[in-house]
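Reader: Could you take me through the surroundings of the ligand, with the cut-offs stated, and then say a little about the cysteines?

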Amino acid sequence: MVEGGLNKIEEKDEFQQIMELIREGNNFLLSGGAGSGKTYSLVQVIKKVIEEFPTTKVACMTYTNSAVKEIEERVNHQNLNVTTIHDFLWDNIKNYQNELKKVLIELINEDGVDKIKLINDQKVEPTFFDEIEEIKYSYQGVQLPQGIISHDELLIVANRMFKNHKLLCDIIKDKFKFIFIDEYQDTHKEVVEIFLEHLNKSDKHNIVGFFGDAMQSIYDDRIGNLDDYLKIKVVTEVKKIQNRRNPKLVYELANKLRTDGIQQTHSNDENAPNMISKDEVKLGEIKFIYSENEDLEKVKEYLGWDFNDFKETKELNLTHNLNAIKGQFTNLMSIYNNDKILEYKNLIVSNLKSNNKIVISEDDTFGQVIEKVNLPMSRPIKEFIEINSILFEEAKKYKFILFRRIYLKSDILTDDKKQDEEEENKKGSKRDHLLKHLFKIQNNIKYYKDGKYLEFLKETDYKEYLKNNKLVFNIEQKHILKKNIHELVNVGDKTIEDIIDEAHSKGICLKTYNLLKFQTEKEYAYNRIKKIKFSEFQNVYNYLEGLTPYSTQHKVKGDEFNNVLVILDNGRWPNYNFKYLFENNGNPNVLERTQKIFYVCCTRAKENLAVYYQNPSSKVINKAIEWFGKENVISIEDFVK
Ligand SMILES: Nc1ncnc2c1ncn2[C@@H]1O[C@H](COP(=O)(O)OP(=O)(O)OP(=O)(O)O)[C@@H](O)[C@H]1O
């Protein structure tokens, strides 16, 4: 009887199986290899649920704001609420300020919650936040004493809020009968715990659905898989086996790379992008190209792809640093990523957190704190300071209470989540106020250059500028605006500071309060950044807007392109090692991480895939022959000959 029932389920396609689980009131997990059409299924399920349960609301959480936008556009229904996970959690707890304050105090005072700690691990009274009007959420560094929590803290706080408060669980279950989570494998453990454990406190009923692929879990501190929950049958798994994106050679290679045994086949759906007809799948191309020396240009020549067609042709490097060299923004990258004075400051800050004997006063400069803490410098820090002695002298003069809050990290520079102004202001944006301002200037320039005059008029502050100067927007002003933007567009060798000043004085992009705040509170960082040429910032802009052929291997998850070139260079990142991957050895964590990122990269290709390895061992070449086939393993030196 049971067997018969199971067979019946297996005959149904994944969509039908999920709908059946939903109707029976079960949580589900749709897992499937790359290109199996999980996003497509997610949209299909949302549409069906909205149709079948028209009086209920559906919450759908996904990773990036661009994914949010895509799903919203594809479904476009008032009963659907699509957000990032962080925004969803914050929206659902932010109105319970008293409880938020209590939970924060509980966490500050609790041992073992390292992420939520005050300086010197100071413990606090229950009244600690009484003076603060409201707890806020912002990406810009933790400022716990002011009641501001950031990205990572939010997850811990939200988790505790739901754990402590059954009422909150009741409210959310009442509000959303369906909660769907896309790319579940990259979700933090705290989030899964909320939905699969804490919500059970409430007797109300709702359904949680997860979509994703354990093989594509490429971030370390995330849940990775739902095996523990599947075992106790809190969630039922539905597998998607067919591949709709990749040509045959690519998905056959992907089958060899998977470590969990899932083997994909193509669908018989003639509308799928990888099908020529109902019965014939595209073959595609795969190549493993190697050389003894750095020969990337020759590799590209050999491939003959049009890398200017950056929408369909991508070169995937492991790190933003590698892309910064190719995309020519190394100066900005090194300020955001490699300021050893700030690194030293961070070490001092964490030292202070664990050492309550040193007393810091409000007037202390960074220089005075250095003397009080007397923390030895590592060699790279010493060397950096030797080369940048003037910068170090400047840094030492800043008040420590402000200087300690300066936070530069490559993530801030390379965050591509925000694409339009409305999104810019959303919580969760990693960009600092200076970068936001620079993006606004460059949007103006780009709209004008691309002939998008309506967008330009919407973006520019010119009307506000005229109002401030008691002028009206007449024909004469239109001419002046045209002249102004025309001049601004030619950035030449002007610095970031020159362009900020010029855009302001010409009324194109007025300096905001937030910019001024950055300039004064983060003067040290601003003084460094302002000297860089604006054209270098434009390179960053183009890179982040996808207007270059370069991308990181992590960033392309979920995307697809006709031609994909994967560069197998570890970029001095010890977490990854492509040699281990091909030789199947080395540190198991590094190996697993590399296997996953390589799987993600290879499965982006809709037509042609090439990987480039410099200086491989014979063991690496043998593995390449096994995976790619002898005829597809090519020495670029042979090609040149
Ligand atoms: N039923 C379908 N009919 C036609 N095309 C489909 C169908 N399902 C998916 N596709 C197409 O197949 C491709 C892969 O789908 P999708 O991006 O949803 O896969 P995915 O499982 O999310 O992949 P990944 O895990 O690699 O991100 C897309 O181009 C999508 O539009």
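Author: A polar contact is a pair of N or O atoms within 3.5 Å; within protein, one must be able to donate a hydrogen and the other to accept it, and residues adjacent in sequence count only if both atoms are side-chain atoms. This is a predicted model, in which local features need pLDDT of at least 70 and side-chain atom pairs count only at pLDDT 80 or more, while totals for chains, interfaces and linings use all residues. Residues are numbered from 1 along each chain as its sequence is written, and side-chain values use heavy atoms, with hydrogens and water left out.

An oxygen atom of the ligand lies 2.9 Å from an N or O atom in the side chain of Thr39, and an oxygen atom of the ligand is likewise 2.9 Å from an N or O atom in the side chain of Arg604. At Gly37 the partner is a polar backbone atom, 2.9 Å from an oxygen atom of the ligand. The protein covers 85% of the 630 Å² of accessible area that the ligand has on its own (Shrake-Rupley method, 1.4 Å probe).

There are 18 residues around the ligand (a heavy atom within 4 Å of it), and those that come nearest are Lys38, Thr39, Arg245, Glu560 and Arg604. By class, the shell holds four nonpolar, eight polar and six charged residues, where Asp, Glu, Lys and Arg count as charged, Ala, Val, Leu, Ile, Met, Phe, Trp, Tyr, Cys and Pro as nonpolar, and the others, Gly among them, as polar.

As for the cysteines, a search of the whole structure finds zero disulfides (cysteine sulfur atoms within 2.5 Å). For Cys601, the nearest cysteine sulfur is that of Cys602, 6.7 Å away.
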